[in-house]
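Student: I've got a structure to go through and I'd like some help reading it. Can we take it step by step?

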6 protein chains.
Amino acid sequence: MIYITRRERFNAAHRLFRPEYSDEENFAVFGKCSNPQWHGHNYTLYVTVKGAIDPHTGFLVDLKWLSELIREKVINKVDHKNLNLEVDFMHGKIPTAENIAMAIWHELSEAVTAAGAALHTVRVEETENNSAEYRGE
Amino acid sequence: MIYITRRERFNAAHRLFRPEYSDEENFAVFGKCSNPQWHGHNYTLYVTVKGAIDPHTGFLVDLKWLSELIREKVINKVDHKNLNLEVDFMHGKIPTAENIAMAIWHELSEAVTAAGAALHTVRVEETENNSAEYRGE
Amino acid sequence: MIYITRRERFNAAHRLFRPEYSDEENFAVFGKCSNPQWHGHNYTLYVTVKGAIDPHTGFLVDLKWLSELIREKVINKVDHKNLNLEVDFMHGKIPTAENIAMAIWHELSEAVTAAGAALHTVRVEETENNSAEYRGE
Amino acid sequence: MIYITRRERFNAAHRLFRPEYSDEENFAVFGKCSNPQWHGHNYTLYVTVKGAIDPHTGFLVDLKWLSELIREKVINKVDHKNLNLEVDFMHGKIPTAENIAMAIWHELSEAVTAAGAALHTVRVEETENNSAEYRGE
Amino acid sequence: MIYITRRERFNAAHRLFRPEYSDEENFAVFGKCSNPQWHGHNYTLYVTVKGAIDPHTGFLVDLKWLSELIREKVINKVDHKNLNLEVDFMHGKIPTAENIAMAIWHELSEAVTAAGAALHTVRVEETENNSAEYRGE
Amino acid sequence: MIYITRRERFNAAHRLFRPEYSDEENFAVFGKCSNPQWHGHNYTLYVTVKGAIDPHTGFLVDLKWLSELIREKVINKVDHKNLNLEVDFMHGKIPTAENIAMAIWHELSEAVTAAGAALHTVRVEETENNSAEYRGE
């Protein structure tokens, strides 16, 4: 069993809020992250996949393939986008780092399994101080 | 003559566009940075100040004072904000890294001079790959 | 189950030694870390908390709350301090990265549990090359 | 139970290929990593060891000892070397990050056990975007 | 006058040696960097360009254009290559960081000038500890 | 003319204070950096040297030589030391980043000149947010 990790990056706008709340109520719960005019981040995404090394190639899976998969399923949908308004897999979800990590897991898991490996963790770094990780548990 | 640098960070939304252009024209000039629904960044700001060391303290200026100045004049106005809509010193400017660096220079320069030092450079890092620096030239 | 991590930093002096030893004996065991006149580090602390996402907020716990908890229970006690002489929760312990990580776990665990989450790991990075992690095992 | 991690670095040349393949076949499988004239990397190695804290020293194991062990068993053999041609423990293996991580595990494991600890993970970072980790499973 | 910097990366093999020397003589001058079987690095390249902000776009030059220029003129020629054997602009030069930086300057300078800006510095980071910068002086 | 930079690191304790002041007066001027029981940092030192490339080696100066010079003249004197009490070249100086950078310049300058190059800058990073640079002006 080996684990490999691919890092990808995207830049997006978002806002943390509940639509049924007033701006004041949203500020009380979400602080400055609730700013109605949006803010944004450079998100760093770490996708870790596990499985057996293919003795023929020495790869678990080709990291180039993993990078292309993440770009097709995730980066192309979120990069330079508004996470609240423009991303199908975030529809109806508050775009916290927690929810983003969990949603990206569901975008990637099936294709990783189909390639003979297993998704191990999805980690989303929102700032150098804050990150969330989902492990499919 | 000594140079000291203070790093500060802010997270903001922005969009690169000219209002007199259509979305297609803006995309042709600004690419995905023109997305009408915004995107955003973790901006890292490096402010470098130069001058003589105060023999009494060993400081050029107290870095705590410099940090507070940057927070008062810049960070409090841009952090978790929309750079196109909510920042007085960016009003009427396209919020490229170049324009942000130049505008922050003008926010800080006078107060640094008043403290007996001189502003040397303002550097704005938009991503790990892209940055702009203004030196007052 | 989701995992979130908050990074905090502190700068402190310390010395690795046993008081019943001579300086020569301490040097034989602890090397230059035993310097009787102290040395110090920029410590980076990573606190990881696990639990369920609150569907109302999309948070496991508010990272701002977690940051404030770490500051109250840990950073305010260790930042710009001497870890051997001034920190209640290090009293009687040799301030290795291992012991610091374990002691910080015990400072934080109860309050994290009271907030409906669980402490998962405390990692202390002493230099870019050396770190220790405690998982409550 | 505590975990400590030591980071070490080495710079090496390598090539991903199977000798029974033509250059075209190797390019089809390994892409530009198959370049017959070699390429290279700054590898970053993270070795994590686990066990009980020695109450006498506050150490799991002395990180200086761990560093010297890694240098003797690994770094001295791979630094400024060709991983395909000059490294005994990579003989007959395609030098992917996966295979390097697994081979380094086998170089270190016995000596770590003999010191009263256990090897937990070996992580090899080939670029800022790509890494592999072996956990002895 | 504004300065913008683009970071790009490439991975390459190289060897420092003079062909008229024996291996022993090369080792005496170049140390382990003279290994006849090659070694390699993850090179990080910082290209800084200076000039006036275009008031129409807020750009000095489009960083996407600068990235593509660097890729066309430099990265495509050096990435996953052997700097001694396969790179036209390094022909006959010892591939030290100093010589690489100077050679890349000459690859880029004319095209940057043609775009209405001026090349300011080319910096090549060979490891986290070692870098060279050329300023056209 | 080429510029090369070598990074070195050291860990030290220090305190900012004037001995003729009371603890209260020192706290008013130097804040928590005046803690009488010391604190410390992981200092990162960047030494930049300039001059002509030696056509015989492709080096300005051998970076291994520069590293050894910095270790002999600086690192061996400050690493795991108390900057106020144990470092000859800091004697009688308040160990601010500004004063450390200037003092290290004077430790290195003559030997760099004797090697046929010139010292360009000495930069001392005290934390990820704070640094000072001296250029011999």
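Student: What is the mean pLDDT of chain A?

Tutor: Keep in mind that this is a predicted model, where local features need pLDDT of at least 70, side-chain atom pairs count only at pLDDT 80 or more, and totals for chains, interfaces and linings use all residues. Residues are numbered from 1 along each chain as its sequence is written, chains are lettered from A and ligands numbered from 1 in the order in which they are written, and side-chain values use heavy atoms, leaving out hydrogens and water. pLDDT is the predictor's confidence in each residue, from 0 to 100. In chain A, 100% of the residues reach 70 or more, and the mean is 98.

Student: Which ipTM does the predictor give the complex?

Tutor: There are two scores for the complex here. The pTM is 0.98, and the ipTM is 0.96.

Student: Which axis relates chain B and chain E?

Tutor: Copies are superposed by least squares on the C-alpha atoms of residues with pLDDT of at least 70 in both. A turn of 120° with a shift of 0.0 Å along the axis lays chain B on chain E, with an RMSD of 0.0 Å. That relation means a three-fold axis.

Student: In chain B, which C-alpha is nearest the axis?

Tutor: Look for a C-alpha 8.9 Å from the axis. In chain B, that nearest one belongs to Glu128(B).

Student: Which residue forms a salt bridge with Glu128(B)?

Tutor: A salt bridge is a side-chain nitrogen of Lys or Arg within 4 Å of a carboxyl oxygen of Asp or Glu. The count between chain B and chain E is one. Its closest N and O atoms are 2.8 Å apart, and the partner of Glu128(B) is Arg7(E).

Student: What area is buried between chain B and chain E?

Tutor: Buried area is the accessible area (1.4 Å probe) that two parts lose on being put together, summed over both. The contact (heavy atoms within 4.5 Å) takes 19 residues from chain B and 18 residues from chain E. Carbon and sulfur atoms give 46% of the buried area, which is about 1700 Å².

Student: Is Leu66(F) buried or exposed?

Tutor: Buried means under 20% relative accessible area, exposed over 50%, and partly exposed in between (1.4 Å probe, protein chains only). Leu66(F) touches residues including Ile4(F), Val47(F) and Val61(F), not counting residues up to four places away in sequence. Because its relative accessible area is 0%, Leu66(F) is buried.
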